[in-house]
Amino acid sequence: MRIMVNGVERQAQDATIADLMVSLETPLNGVAVERNRAIVPKSLYKTTYLEDGDEIEIVDIVGGG
Amino acid sequence: MSNSAISERNDPLVIAGRTFKSRLIIGTGKYKTYAENAAAAEAADVDMVTVAIRRVNLGDPSKERLTDFVSPEKYTYLPNTAGCFTAEDAIRTLRLAREAGGWDLVKLEVLADQKTLYPDMEETLRAAKLLISEGFKVMVYCSDDPVYARKLEEAGCVAIMPLGSLIGSGLGIQNPVNIRLIVEQSRVPVIVDAGVGTASDAAIAMELGCDGVLMNTAIAEAKNPILMASAMRHAVLAGREAYLAGRMGKKRYADPSSPLAGLI
């Protein structure tokens, strides 16, 4: 399955958002996830299944003015 | 009014029912390290810091994170929409911020072009209305146009944040007359956001009657950011006290301070 994560194409074997976060070693606290422009709440990471062509954005809080 | 110094007096900044003891808000961008940033926040003695929302760095999961240095337990995070040029981009960013950390007190900025980073006021007002309808408490970066400032307040923004001068320019308060007009007409806090270059700029903003000052580059790009953070803390306190004290009238000619009576 090919998906886009933060603008980069990725060959993913992950079934769910939760699996993807583990594969990417992404912290869970203080981040937010979008799947095809819709926010995925943390409570739904384990039940949100990835599909071919999905566009995923994972964002974090960083320094800014 | 009490005669005691402001540091001993209860003079908090209240935004959307939330109380902050410091009237200085600082950004968390452009510092050499997050550790330096944390030390500057300490020296500035602030309660609130602005933060940005960006893609996670997937190539380096061990990268340092802001939250480990400038703790959201200690400081109120004010997520911004820096880099957004449309209302839709700004709303998307702040929805993500709310999901990431539950923050609903936000700094809205919708910019017009890269060269000036001047706010696009038509788009800013549209974004503000949409965000407020979604329950966000919007502190809004805006031009120093009193008419748009009034429209933003009428739309329900919880703080009006006019620029002193362009973001990151350090050119100070370029239009004190307009800032004063905005202060006089506003019933929500007015916070000068952008343009402060050095301590006197912050003091001038406060002497004009602003409720607070927001700055980033003036501290982060000072030769000694920690010392400048301390200077800004004092400048905001001094400017606030001078405003509350009420300055003397300006005169065209000298007025001796020593008595004329009894002169030999």
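## The nonpolar cores

Two residues are said here to be in contact when heavy atoms of theirs come within 4.5 Å. In this predicted model, Ile219(B) touches Ile26(B), Tyr31(B), Ala40(B), Pro225(B), Met228(B), Ala229(B) and Met232(B), when residues up to four places away in sequence are left out of the count.

Ile219(B) also belongs to the largest nonpolar core, which has 74 residues, and is one of the members that touch the most other members, a group that further holds Ile26(B), Leu108(B), Leu152(B), Ile160(B), Met215(B) and Met232(B). The element that gives the most to this core is helix α2 of chain B, residues 87–101, from which 7 residues come. Apart from this core lies another one, made of 16 residues, and among them are Ala12(A), Ile17(A), Leu24(A) and Ile56(A).

## Strand β4 of chain B and its partners

Strand β4 of chain B covers residues 48–55 and is mostly covered, with 6 of its 8 residues buried. Within chain B, β3(B) is joined to β4(B) by 2 bridges, and these two strands run parallel; Ile26(B), which was named above among the members of the largest core with the most contacts, has Val49(B) in β4(B) as its bridge partner. A parallel pairing over 4 bridges also links β4(B) to strand β5 of chain B, residues 76–79, and here Thr50(B) has Leu78(B) in β5(B) as its bridge partner.

Which strand of chain A pairs with β4(B)? The partner is strand β5 of chain A, residues 55–63, and the pairing with β4(B) is antiparallel, over 5 bridges. In this pairing between the chains, Val59(A) stands opposite Arg55(B), a residue of β4(B).

## The sheet β6-β7-β8 of chain B

Strands of a sheet pair through backbone hydrogen bonds, and they may do so in a parallel or an antiparallel sense. In chain B, 3 strands form an open sheet in the order β6-β7-β8, with parallel pairing. The edge strands are β6(B), residues 105–108, and β8(B), each of which pairs on one side only, and from one strand to the next the twist averages 20°.

The strands β7(B) and β8(B), which run parallel, are joined by 4 bridges, and Val140(B) stands opposite Ile160(B) of β8(B). Ile160(B) is again one of the members of the largest core that touch the most others. Helix α3(B) lies across β6 and β7 of chain B, and runs at about 175° to β7(B).

## Helix α4 of chain B

Helix α4 of chain B takes in residues 146–155, and its buried residues are Pro146(B), Ala149(B), Leu152(B), Glu153(B) and Ala155(B). These buried residues pack against several elements of chain B, namely α3 (121–133), β7 (137–142), β8 (159–162) and α5 (176–185). Leu152(B) is also listed with the residues that touch the most other members of the largest core.

What does the side chain of Asp145(B) reach at the start of α4(B)? A side-chain oxygen of Asp145(B) comes to within 2.8 Å of the backbone nitrogen of Val147(B). After the helix comes Gly156(B), whose phi is positive, near 110°.

## Salt bridges

Side chains of opposite charge can pair when their charged atoms come close. Over all chains the count comes to 22 salt bridges. In one of them, the side chains of Arg23(B) and Asp11(B) meet with 3.1 Å from N to O. Arg23(B) lies in the loop between β2 (18–20) and β3 (24–26) of chain B, while Asp11(B) is in the segment before β1 (13–15) of chain B, so the pair ties together parts that are 12 residues apart in sequence. Since buried means under 20% relative accessible area, Arg23(B) counts as buried at 8%, and Asp11(B) is likewise buried at 15%.

Lys107(B) forms a salt bridge with Glu109(B), where the closest N and O atoms are 3.5 Å apart, and both Lys107(B) and Glu109(B) are buried. Are the residues of the salt bridge between Lys251(B) and Asp255(B), which meet at 2.8 Å from N to O, buried or exposed? Lys251(B) is exposed, with a relative accessible area of 53%, whereas Asp255(B) counts as partly exposed at 48%. In chain A, a network of salt bridges links Arg35(A), Glu51(A) and Asp54(A).

Notes
Residues numbered from 1 in each chain as written. Chains lettered and ligands numbered in written order. Predicted model: local features only at pLDDT ≥ 70, side-chain atom pairs only at ≥ 80, totals over all residues. Heavy atoms only, no water. Buried < 20%, exposed > 50% of the residue type's maximum accessible area, 1.4 Å probe, protein only. Polar contact = N/O pair within 3.5 Å; in protein donor to acceptor, adjacent residues only side chain to side chain. Salt bridge = Lys/Arg side-chain N within 4 Å of Asp/Glu carboxyl O. Pairing = 2+ DSSP bridges. Axes fitted to C-alpha atoms, helices over the stretch in contact; angles between N-to-C directions. Core = buried A, V, L, I, M, F, W, Y, C linked by side-chain atoms within 4.5 Å.
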